[in-house]
Structures are given as structure tokens and as C-alpha cells.
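Here is a short report for someone meeting this structure for the first time. Please keep the sequence at hand while reading.

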Amino acid sequence: MTAPDTSHLPGAWRLGLLRGGLELKQFFRRRDQVVFSLAFPVVLLVLLASIFGGNEAATGVPVSQLYVAAMLGAGIMATSFQSLGISIAIERDELLLRRLISTPMPPAAYFLGKVWLVLVTGALEAAVLLAVGVGLYDLELPGDAARWLTFGWIFLLGTAACTLLGIAISSLPGSGRSAGSVIILPFLVLQFISGVYIPASELPEWMLNIGALFPLKWMCQGFRGVFLPESAAVLEQAGGWEFGRVALVLGAWCIGGLLLCLLTFRWKNRRDG
């Protein structure tokens with residue numbers, strides 16, 4: 001039997017765009033999932049800001065604004081690492097990946113579709129959180145292009161790193177049913193030791209050192225540097241925003257995440273061989 005002629009098929013980039021459109025269409029058709037995904041970090045933000053309200057004694061910066069910046073990082077990681085890892089594990093369990101790899105579609109197109117999904121949902125998540133921060137907690141948006149440029153590269157590098165880690169960790173659960181438990185637990189722990197729920201200035205040094213090994217801590221720190229006044233930098237572990245180190249760590253995780261994907265990703269479950 002001769003192999004099918006694929007010379008006239010669109011390229012991986014074009015198919016990735018089409019796949020991304022399909023992923024987004026499927027996402028927005030599940031209205032309950034859309035509402036929950038966008039509302040969950042907002043609900044956490046409101047709860048944390050209400051419980052730990054007031055100003056931070058050392059800087060006078062409202063605690064609620066610290067949480068807005070931290071939840072930006074957590075929201076991006078939730079839409080990429082957590083949601084992506086769980087959804088890919090479920091798709092593998094339902095044999096969707098096995099069927100896709102048997103079609104002429106380049107494997108890269110599948111992953112590009114996931115990237116477009118994460119970029120769009122992550123941007124929506126960030127827009128909602130910033131709107132809540134401005135409307136409820138008087139968060140001051142940057143007035144210069146340089147800060148928005150910094151926000152842009154932190155968003156893109158952080159999203160890329162967490163997306164690659166989400167793809168890599170999707171191979172860890174033994175089945176789609178166990179994916180939530182396997183993936184949510186490390187993400188929850190990471191939020192606590194990365195300064196999302198508890199300010200970095202109040203965490204033990206050893207916890208901060210462990211959190212500094214992963215991208216979430218650096219995303220949150222970078223976003224605080226973009227949206228908070230310079231006086232708030234004293235609350236960070238090193239007493240500064242360290243944008244250069246933020247870029248270095250996030251860039252390193254993009255490379256490391258890609259290597260992990262290449263080493264660990266599977267199109268079939270272990271039981272399928």
C-alpha cells in the first residue's frame with residue numbers, strides 16, 4: 001500500500017493556527033468551564049485581599065495590590081501548566097492523541113494549537129485580573145511603554161515555560177482520571193512557596209530557595225516589579241526586582257521544559273505499549 005500524498009497539505013504553522021482555532025472554539029463552547037477558569041483566580045484574589053487587607057507595614061503598599069500581581073503569575077500557570085497537563089492526559093486516555101498521530105497532520109500542529117489556546121486564555125485571565133485590580137483595589141497601571149514591554153516578555157516567557165512543563169507533566173499520570181490529583185498537588189504546593197498566597201517576606205528562607213528553582217516565583221516577582229511602586233522591592237527575597245534574573249530563569253525553563261517534553265512525552269498510555 002502506498003503512503004498518502006501529503007505534499008499539498010498546509011504546513012505545520014498553518015495547521016497549528018487551524019488547530020488553535022478549534023481548541024478555542026471547544027473551550028468557549030463549554031461556558032461553565034470558561035466562567036470557572038476566569039473566575040477562580042478572581043475569587044481567590046477577593047478572598048485573600050479581604051482576609052489580609054490593609055497596607056504592608058514596611059512599604060505602605062496595599063496588600064491587595066501584592067495579591068493582584070501574584071495572582072497574575074498563578075493565573076497564567078493555571079491556564080498553562082495545570083489545565084494543559086490535565087487536558088492532554090485526558091486526551092491521551094481517550095485515545096485522541098493516538099488517532100491524531102495516525103493522521104497526516106504534523107505533530108507540531110497539535111502542540112501549536114495548544115499554545116494558541118494557552119496564549120488567548122492566559123491573556124484573558126490577565127485582563128480580567130488587572131480590571132479587578134484597577135476597579136476594586138486602585139492598582140495603578142504602568143504609564144510608560146518600557147513597563148508594558150517588561151510585562152509582555154514576562155508574560156510570553158512565563159507562558160512558554162509553563163506550557164512546556166504542562167506538556168511534559170501530562171505524561172506522569174497513569175490515566176486521565178488521576179491527572180487532576182497528580183498535577184494539582186504540586187501546583188498548589190508551588191503557589192504557597194512562591195509567594196502567591198503568603199508574601200515572600202514572611203516565608204522561611206528554605207521555602208523561598210525551593211520556590212526559586214521554579215518559574216512561578218519569578219513570574220510573580222516580575223509582575224510585582226511592573227505594577228507596584230519601587231518601594232515594594234524591599235519585600236522580595238533579594239530586596240529588588242531582579243528583572244535580569246527573571247528573564248534568565250524563565251528562559252532556562254523554556255529550554256529545560258522543551259528537553260523534558262522531548263524526553264517524556266508519549267502519544268499513548270503506558271498500558272497501550
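The report goes through salt bridges, aromatic rings, charges over rings, and a few surface and loop residues.

## The model

This is a predicted model. The distances and angles below are computed from it.

## Salt bridges

Side chains of opposite charge can pair when their charged atoms come close. How many salt bridges does a search of the whole structure find? The search finds five.

One of them joins the side chains of Glu23 and Arg19, at 3.4 Å from N to O. Both residues sit in helix H1, which covers residues 12-29. They are four residues apart, about one turn of the helix. Glu23 is buried, because its relative accessibility is 4% and the cut-off for buried is under 20%. Arg19 also counts as buried, at 11%.

Arg224 and Glu236 meet in another salt bridge, with 2.6 Å from N to O. Arg224 belongs to helix H9, while Glu236 is in the loop between H9 and H10, so this pair ties together parts twelve residues apart in sequence. Is Arg224 buried or exposed? Arg224 is buried, at 6% relative accessibility. Glu236 is buried too, at 6%.

A further salt bridge links Arg245 and Glu242, at 3.4 Å from N to O. Arg245 is partly exposed, with 48% relative accessibility. Glu242 is partly exposed as well, at 22%. Elsewhere, salt bridges with shared partners connect Arg19, Glu23, Glu91 and Lys114 into one network.

## Aromatic pairs

A pair of aromatic rings is described by the distance of the centres and the angle of the planes. The structure holds 15 aromatic pairs.

Phe111 and Trp267 make one such pair. Their ring centres are 5.6 Å apart, and the planes meet at 55 degrees. This pair is tilted. Why does the pair of Phe111 and Trp267 tie together parts that are 156 residues apart in sequence? Phe111 lies in helix H5 (residues 107-137), whereas Trp267 lies in the segment after helix H10 (243-264), so the pair ties those parts together.

Trp148 and Phe151 form a pair with 5.7 Å between the ring centres. Their planes stand at 85 degrees, so the pair is edge-to-face: the cut-off for that class is over 60. Both residues lie in helix H6, residues 145-169. Three residues separate them in sequence, about one turn of the helix. Trp148 is partly exposed, at 33% relative accessible area. Phe151 counts as buried, at 12%. Trp148 and Phe151 belong to one aromatic cluster with Phe155, Phe223 and Phe227.

## Charges over rings

Which ring does the charged end of Arg92 sit over? The ring is that of Phe265, and the charged end is 5.2 Å from the ring centre.

Lys217 lies over the face of Trp218, at 3.8 Å from the ring centre. The side chain of Lys217 also makes a polar contact with the side chain of Gln221, at 2.8 Å. Gln221 is part of helix H9, residues 215-227. With 0% relative accessibility, Gln221 counts as buried.

## A nonpolar surface patch

Val43, Leu47, Ile51 and Phe52 make a nonpolar surface patch of about 400 Å². Ile51 is in helix H2, residues 31-51. Why does Ile51 count as exposed? Its relative accessibility is 60%, and exposed means over 50%.

## Loop residues

Two loop residues have a positive phi. Asp138 has a phi of about 55 degrees although it is not a glycine. Asp138 is in the loop between H5 and H6. Asp138 is exposed, at 63% relative accessible area. Glu242 has a positive phi of about 50 degrees, and it is not a glycine either. Glu242 is found in the loop between H9 and H10.

Glu202 is in the loop between helix H7 (179-193) and helix H8 (205-211). Glu202 is exposed, with 57% relative accessible area. How many residues apart in sequence are Glu202 and Leu235? They are 33 residues apart in sequence, and 8.9 Å apart in space from C-alpha to C-alpha.

Note on methods: Residues numbered from 1 in each chain as written. Predicted model: local features only at pLDDT ≥ 70, side-chain atom pairs only at ≥ 80, totals over all residues. Heavy atoms only, no water. Patch = residues over 30% accessible without salt bridge, like charges linked within 9 Å, V, L, I, M, F, W, Y side chains within 5 Å. Areas by Shrake-Rupley, 256 points an atom, 1.4 Å probe, with all protein chains shown as cover. Salt bridge = Lys/Arg side-chain N within 4 Å of Asp/Glu carboxyl O. Buried < 20%, exposed > 50% of the residue type's maximum accessible area, 1.4 Å probe, protein only. Phe/Tyr/Trp six-rings, centres within 6.5 Å; stacked < 30°, edge-to-face > 60°. Lys NZ or Arg CZ within 6 Å of the ring centre and 35° of its normal. Polar contact = N/O pair within 3.5 Å; in protein donor to acceptor, adjacent residues only side chain to side chain.
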